[in-house]
Amino acid sequence: MSVRLKLTLSYAGFLMVAGILLLAAVWLFLLRYVPNRAMLFNPDDKPNGVFPIRSVLLEVFAPRAAAVLAFLLVFGLVGGWILAGRMLAPLTRITHATRMATNGSLSHRIRLPGHKDEFRELADAFDTMLVRLEEHVAEQRRFAANASHELRTPLAISKSLLDVARSDPNRDTGELIDRLHAVNTRAIDLTEALLLLSRAEQRSFTRAPVDLSLLAEEATETLLPLAEKRGVAIETEGDVCPTSGSQALLLQLTMNLVHNAIVHNLPKQGTVWVTTHVRSTTVVLTVENTGEPVTPQLASTLTEPFQRGTERTHTDHAGVGLGLAIVKTIAQAHDGTLTLTPRSDGGIRITVELPAMSPHTDN
């Protein structure tokens, strides 16, 4: 049976039970006290005449009670069917939207009118889910298109180099090998970055106690030669920041932030500040740098895959355009947040906030 039929039968059954109980109450509190034999009163008494007996009252009352019960049954079925239809109308709209989403139409919204009740809350929650799902699908499509483009570029370059070498056998093979090596290295770096991004999104890692300040020190020490080569000074300070997660992924997060801060900096005499501190329930890693002014509009797009500031050109340390996308994914996989704020003097401040782990927490 459909839900509407079940509700209709429930309404009708409840109404019938209420009618039967009402009739039973009439019997218990009224008819049972009526005498079953005729009683005569003196003419001077009031009331006078013959008092009605129980059998007569039952003969009059029973057919009318049965008619009332029949009316209640019909009224309950018809009224219950109408009321059930009105109650289930929002559910029908939600079901229709669900079927449309199943068929691939994610742009449809329920937008249920009326006062806020359980159905309205369900419809609003479903609309919110559709919005996020549509954004996620669009983001995945952009990511797939960009990844295909990025992977196709080194393959196309390799093919061109090989075609040139085949058409010119006397060409210097050393130069060809060096260029193929560079292109192949970039393709490998891009593939590894995509695998790391996928691993972080799936949260396929084991959580363990991690000190964020130690990871910041390790990242700055590893990237110090690059900073010295580009004339960038690194300043590190902060408190012990215990959190829980994958040490390898959180180290990759810190390395990406410091690397971006070094590469996207002033040509000379730039500075990178790496700080860690503890809040009431979270630990915070902040990486900021000097550099060209960054608009809030540009900052909001830097975490998208394959975005490299204002350009898509490749330099010696431009990376594959997944640095901040990986940082955002790793932060979200650890139940954290990533915030990008342009500095008034140029450059950008990037803040990663993760849940703090109590030092007394059992491992």
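This section describes a surface patch, a long-span check on one helix, a buried strand residue and three backbone positions with positive phi in a predicted model.

A nonpolar patch on the surface is formed by Met1, Leu5, Leu9, Leu73, Val74, Leu77, Val78, Trp81 and Ile82. Together these residues have about 810 Å² of accessible area. Two elements, helix 1 (3-29) and helix 2 (54-102), each give two or more residues to the patch. Helix 2 supplies the largest share, with six residues. Met1, also part of the patch, is placed in the segment before helix 1. Its relative accessibility is 69%, and Met1 therefore counts as exposed, the cut-off being over 50%.

Helix 4 covers residues 173-202 and has 30 residues. At 1.5 Å a residue the expected span is 44 Å, and the end C-alpha atoms of helix 4 are 43 Å apart, so the two values agree. Buried positions in helix 4 are Leu176, Val183, Ala187, Leu190, Ala193, Leu194, Leu196, Leu197 and Ala200. As a general point, an α-helix has 3.6 residues a turn, so residues three or four places apart point the same way. Just after helix 4, the backbone at Arg203 adopts a positive phi of about 55 degrees.

Thr276 belongs to strand 6, which comprises residues 270-278. With a relative accessibility of 4%, Thr276 counts as buried, because the limit for that class is under 20%. When neighbours within four places in sequence are left aside, the contacts of Thr276 are Leu212, Ser213, Ala216, Glu237, Gly238, Asp239, Cys241, Val284 and Leu285.

The loop between helix 6 (247-263) and strand 6 contains Gln269. This residue is not a glycine, yet the phi of Gln269 is positive, near 55 degrees. Gln269 has 73% relative accessibility and is accordingly classed as exposed. A positive phi, about 60 degrees, is also found at Asp335, likewise a residue other than glycine. Asp335 lies in the loop between helix 8 (323-333) and strand 8 (337-342). At 49% relative accessibility, Asp335 counts as partly exposed, because exposed requires over 50% and buried under 20%.

How values were computed
Residues numbered from 1 in each chain as written. Predicted model: local features only at pLDDT ≥ 70, side-chain atom pairs only at ≥ 80, totals over all residues. Heavy atoms only, no water. Patch = residues over 30% accessible without salt bridge, like charges linked within 9 Å, V, L, I, M, F, W, Y side chains within 5 Å. Areas by Shrake-Rupley, 256 points an atom, 1.4 Å probe, with all protein chains shown as cover. Salt bridge = Lys/Arg side-chain N within 4 Å of Asp/Glu carboxyl O. Helix = DSSP H or I, 4+ residues; strand = E, 2+ residues; numbered from the N terminus. Buried < 20%, exposed > 50% of the residue type's maximum accessible area, 1.4 Å probe, protein only. Contact = heavy atoms within 4.5 Å. Expected span 1.5 Å × (residues − 1).
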